[in-house]
Every structure is written in C-alpha cells, then in structure tokens.
Amino acid sequence: MNRNRLQHQVACMRKSLFDQGYLDEPFIQLEELQDDANPNFVQEIVTLFYTDSARLIQNIEHALNSRPIDFNKLDDYMHQFKGSSSSIGAKKVTNECTVFREYCSAENAEGCIRSFQQVKQEYAILRRKLEVYLQMVGQAAVSQTA
C-alpha cells in the first residue's frame, strides 16, 4: 500500500477514536513517550492493559457471582480497572466504570450486573478498534523504513 495513503488511514483512524470518545488525553501522552529507543512502547502498554483487564474482569465476575455480594471488594476491583483504563486514555471504558462504582456504592446488585455488561461491551469494542489501529501503525512504521 502507498506509504502516504497508509499514513493518512492511520491518522483518520486515530482521529476517529478520539472523535467517537473511545480515547482521550492520556493516550496522546503515551504516544509522546514512544521514540526510536522504544518504538513499541504504546503496543507494550496496551498489551499490559489487556492482561490486567482480563484478570480484573474475571475477579469482578467472580465477585458478582458470590453470595452475599461483597460490594467493597467489587468496588476495589472496579477501582483498579477504572485506573488502568484511565491511564491509557480509554475514555468510554472509564466512564462505564464510574457508573458501575455508583451502583456499588448504592449496593445495587442488579445495577452492578447491568453496568458490568456495559463495561465489558465498551472494553471489547475498544480492544477491537485499538488492535486494528496499532496494527496499522506498525504497518506504517515498516513502510517508512522500507
């Protein structure tokens, strides 16, 4: 693919991720930390986010299925997930985590369960979109060196 066309596609996709509210400022800061000495920095951080998120989602599911529900433990897990999401600029995921934590504070189990489905949905959408974006970024980088 033409290098300029690929770079244009990467720029458009990046803009779309921000315009649609999937990403915000912390993602820009991550990109600014990437340089020639660490060319895969963003990819590595996002991969760590995926690993951490999978563990936290599993912990939250387990806590939601336990009886009685320990809302403090549930809130602790979601607080961690929200922090991880916020640190990479996952805006929609972070917002859904906030809603979930409000249900935790109210000890509303049904609200937590419904909200958690939204958290997982936003996370899955973001993950798909970021994987495509980062793959395109990688292709653009390779085309620049070719």
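**Figure 1. The annotated position H79 in helix α4.** In this predicted model, the residue covered by the UniProt annotation "modified residue: Phosphohistidine" is H79, according to an unreviewed entry. H79 belongs to helix α4. With a relative accessible area of 47%, H79 is partly exposed, a class that lies between the limits of 20% and 50%. Helix α4 itself spans residues 71–88. The UniProt record also places a feature, "domain: HPt", at residues 38–140, again from an unreviewed entry. Within residues 38–140, helix accounts for 87% and strand for 0%. The C-alpha atoms at the two ends of this span are 16 Å apart.

**Figure 2. D75, a buried residue of helix α4.** Helix α4 also contains D75. The relative accessible area of D75 is 17%, and D75 is therefore buried, since the limit for that class is under 20%. Leaving aside residues up to four places away in sequence, D75 touches R101 and C104.

**Figure 3. The packing of helix α3 against helix α4.** Helix α3 is formed by residues 41–65, and its axis lies 9 Å from that of helix α4. The angle between α3 and α4 is about 160 degrees. An angle over 145 degrees counts as roughly antiparallel, and α3 and α4 are therefore roughly antiparallel to each other. Their crossing is left-handed. On the side of α3, the contact is made by I45, F49, D52, S53, R55, L56, I57, N59, I60, A63 and L64. On the side of α4, L74, Y77, M78, Q80, F81, S84, S85 and I88 take part. By class, the residues of this contact comprise twelve nonpolar, five polar and two charged.

**Figure 4. S53 and R55, two contact residues of helix α3.** Both S53 and R55 take part in the contact of α3 with α4. S53 is found in helix α3 and, at 1% relative accessibility, counts as buried. Apart from residues up to four places away in sequence, S53 touches F81 and Y123. F81 is one of the α4 residues in the contact between α3 and α4. R55 also has its place in helix α3; with a relative accessible area of 39%, R55 is partly exposed. The C-alpha atoms of R55 and Q34 are separated by 26 Å, and these residues are 21 positions apart along the chain.

**Figure 5. T47 of helix α3 and its separation from R127.** T47 is located in helix α3. Its relative accessibility of 36% makes T47 partly exposed. Along the chain, T47 and R127 are 80 residues apart, and their C-alpha atoms are separated by 9.9 Å.

**Figure 6. The oblique packing of helix α2 and helix α4.** Helix α2 comprises residues 25–33 and packs with α4 at an angle of about 60 degrees. The axes of α2 and α4 are 5 Å apart. At this angle, α2 and α4 are therefore oblique to each other. P26, F27 and L30 of α2 make the contact with S86, S87 and I88 of α4. The contact of α2 with α4 has four nonpolar, two polar and no charged residues. I88 is also one of the α4 residues in the contact with α3.

**Figure 7. Backbone features in two loops.** Most residues other than glycine have a negative phi, and most peptide bonds are trans. R67 and P68 are joined by a cis peptide bond, with omega about -10 degrees. P68 has its place in the loop between α3 and α4. At E107, a residue other than glycine, phi has a positive value near 50 degrees. E107 lies in the loop between α5 (91–105) and α6 (109–145). With a relative accessible area of 56%, E107 is exposed.

**Figure 8. The setting of the close-up views in the protein.** The protein has six helices and zero strands, and its elements run α-α-α-α-α-α from the N terminus on. Taken along the principal axes, the C-alpha atoms fill a box of roughly 60 × 30 × 20 Å. Of the 146 residues in the protein, 37% are buried. Among contacts with a separation of 6 or more, 66% involve residues 24 or more positions apart.

Terms used: Residues are numbered from 1 along each chain as its sequence is written. This is a predicted model: local features need pLDDT of at least 70, side-chain atom pairs count only at pLDDT 80 or more; totals for chains, interfaces and linings use all residues. Side-chain values use heavy atoms; hydrogens and water are left out. Axes are lines fitted to C-alpha atoms, for helices over the stretch in contact, and angles run from 0 to 180 degrees between N-to-C directions. Helices (H or I, at least four residues) and strands (E, at least two) are DSSP runs, numbered from the N terminus. Angles under 35 degrees count as roughly parallel, over 145 as roughly antiparallel, 65 to 115 as roughly perpendicular and the rest as oblique. A crossing is left-handed if the near helix is turned anticlockwise from the far one by less than a right angle, and right-handed if clockwise. Contact means heavy atoms within 4.5 Å. Ala, Val, Leu, Ile, Met, Phe, Trp, Tyr, Cys and Pro count as nonpolar, Asp, Glu, Lys and Arg as charged, and the others, Gly among them, as polar. UniProt positions are given in the numbering used here, feature names are shortened, and annotations may be inferred rather than shown by experiment. Buried means under 20% relative accessible area, exposed over 50%, partly exposed in between (1.4 Å probe, protein chains only).
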